[in-house]
Amino acid sequence: MSEELKGYRELPIGGLIVEPGNAVTYRTGTWRTFRPVWHEDKCIHCLFCWVYCPDAAVQVKDGKMTGFDYEHCKGCGICAHECPRDAITMEKE
Amino acid sequence: MAERMALTGNEAVAYAMMQINPDVVAAYPITPQTALMQKFADFVADGEVDTQFVLVESEHSAMSAVVGAAAAGARAMTATAANGLALMWEILYIAASTRLPIVMPVVNRALSAPINILCDHSDTMGARDSGWIQLFSENAQEAYDNTIQAVRIAEHRDVLTPVMVTLDGFIISHGLEVVEVLDKEAVQDFVGEYEPAYTLLDPEHPITFGPIDFSDYYMEHKRSQVDGIEAARRVIPEVGREFGKRFGRSYGMIEEHGTDGAEALLVALGSTAGSAKAVVDDMRERGLPVGLVKIRAFRPFPYEELREALGKAKAVAVMDRSISFGAQAGPLALEVRSALYGLSLPVRDYIYGLGGRNITLEEIEDILQEALEMAKTKEAEPLVKYVSVRE
């Protein structure tokens, strides 16, 4: 991780963020202590998890839940809480 | 053509602000700065400036408004004093660390308690670690000149750091002096058109000001901030020389007066430096080897310049117009000793003039006489003395 961090000479001054839309490059997944685990057999693809996820970390393809973006999921557990079929459980990292 | 006018220090700075014609000024009145903003408000009311003048409910709001304006790409200014500066505290750090080139005259006044509206330097000294550049003025002319130069210093691309220009409350702010006021066009030409390095109001280049930093980047941003104020060591004298070329009055980090061959040197800030010049001249006429080093830039502190100027003397007396409670000396003497690290030179601090206590020419001569004694004995004890305090 440390080799990816920039030195002070490479940073814009004043703590400014000068590239828009760069949140994707910040790996908030490293903050996680619990990870959501998807149980496909129980999933009814209601997409409540996708609606509630504050980090857009629920991956959906053709209207169907397909898993999680663990690079950005912070492990908040909202998806597991909202799931009406217990198709998501939180497991310790 | 420049014009000679009878102005108070406050009026002189208000003239400088009018001639700079900042985009935004946000202010709240506080003695002894009130007359400064009142004069500037006259210029606004008379249509002499294009400034958006924002009257706010506190100094915290004044600095916050100026930070917002500067982030939006405006040339922004305010002015304050004492308790008003104290109320800005939180936002002073934000202005400096966000690298916003704000210029703020500070009319030096004592902090409460007991409540006191007269001059000392405890307000500015408390803000010495906030990241702002600090320029001290000896008189109304310097306050005027410094305010104009501060714009160029703050906005220099290598610096991009806010600047405080100080003037001693009442002594300079309310004293009437003959001041050479430049042509508005000449001032406009000197400060130039402001081109912000970054602005919130550029939809082609959307940016974020003031995001959160965790432990992985905060130190890098602080280290980067150091480079800005360090660059001012080069830029302050550069701008001061150019000002001298154009208008006849040159400025550096320090000013030496009678230092050639001096055995005892006095270090002072602000209006006291003017009184000390008269004392030095008088004592020199009597054959006494004394001199003065006036500090113009307190931040960044002129360590190298001082070491060179003071290193040739045998003793140094420092005059501090504030206390750093619990420290070994006042703020200025601490810095002077640090600049002289490794040299065996006796340095004594004289704390004086708190809450507007007058400092007389005789008292300054007494200090220099003691410094001459120090030059003989090499004995700096006591390290701190309090001038004219009753026991």
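Tutor: Before we start, buried means under 20% relative accessible area, exposed means over 50%, and partly exposed is in between (1.4 Å probe, protein chains only). Keep in mind that this is a predicted model, where local features need pLDDT of at least 70, side-chain atom pairs count only at pLDDT 80 or more, and totals for chains, interfaces and linings use all residues. Residues are numbered from 1 along each chain as its sequence is written, chains are lettered from A and ligands numbered from 1 in the order written, and side-chain values use heavy atoms, with hydrogens and water left out.

Student: How many salt bridges does the structure hold over all chains?

Tutor: Side chains of opposite charge can pair when their charged atoms come close. A salt bridge here is a side-chain nitrogen of Lys or Arg within 4 Å of a carboxyl oxygen of Asp or Glu. Over all chains, the count is 27.

Student: Is B:K277 buried or exposed?

Tutor: B:K277 pairs with B:E138 in a salt bridge, N to O at 2.7 Å. That ties B:E138, in the loop between strand 6 (133–136) and helix 7 (140–155) of chain B, to B:K277 in helix 10 (residues 271–285), 139 residues apart in sequence. Those helices (H or I, at least four residues) and strands (E, at least two) are DSSP runs, numbered from the N terminus. Because its relative accessibility is 14%, B:K277 counts as buried.

Student: What is the relative accessibility of B:D145?

Tutor: B:D145 meets B:R249 in a salt bridge of 2.5 Å, N to O. B:D145 sits in helix 7 of chain B and B:R249 in the loop between helix 9 (218–247) and strand 9 (254–257), 104 residues apart. B:R249 is buried, at 18%. B:D145 counts as buried too, because its relative accessibility is 0%.

Student: Which residue forms a salt bridge with A:R27?

Tutor: A:R27 counts as partly exposed, since its relative accessibility is 29%. Its partner is also partly exposed, with a relative accessible area of 42%. The closest N and O atoms are 3.7 Å apart, and the partner is A:E71.

Student: B:D23, B:E193 and B:E195 gather with which other residue in a patch of negative charge?

Tutor: Patches are made of residues with over 30% relative accessible area and no salt bridge; like charges are joined within 9 Å, nonpolar side chains (Val, Leu, Ile, Met, Phe, Trp, Tyr) within 5 Å. The residue you want is in the loop between helix 2 (34–45) and strand 3 (52–55) of chain B. It counts as exposed because its relative accessibility is 66%. On the surface, the other member of this patch is B:D50.

Notes
Areas by Shrake-Rupley, 256 points an atom, 1.4 Å probe, with all protein chains shown as cover. Lys, Arg positive; Asp, Glu negative; His and termini not counted. Charge placed at Lys NZ, Arg CZ, Asp CG, Glu CD.
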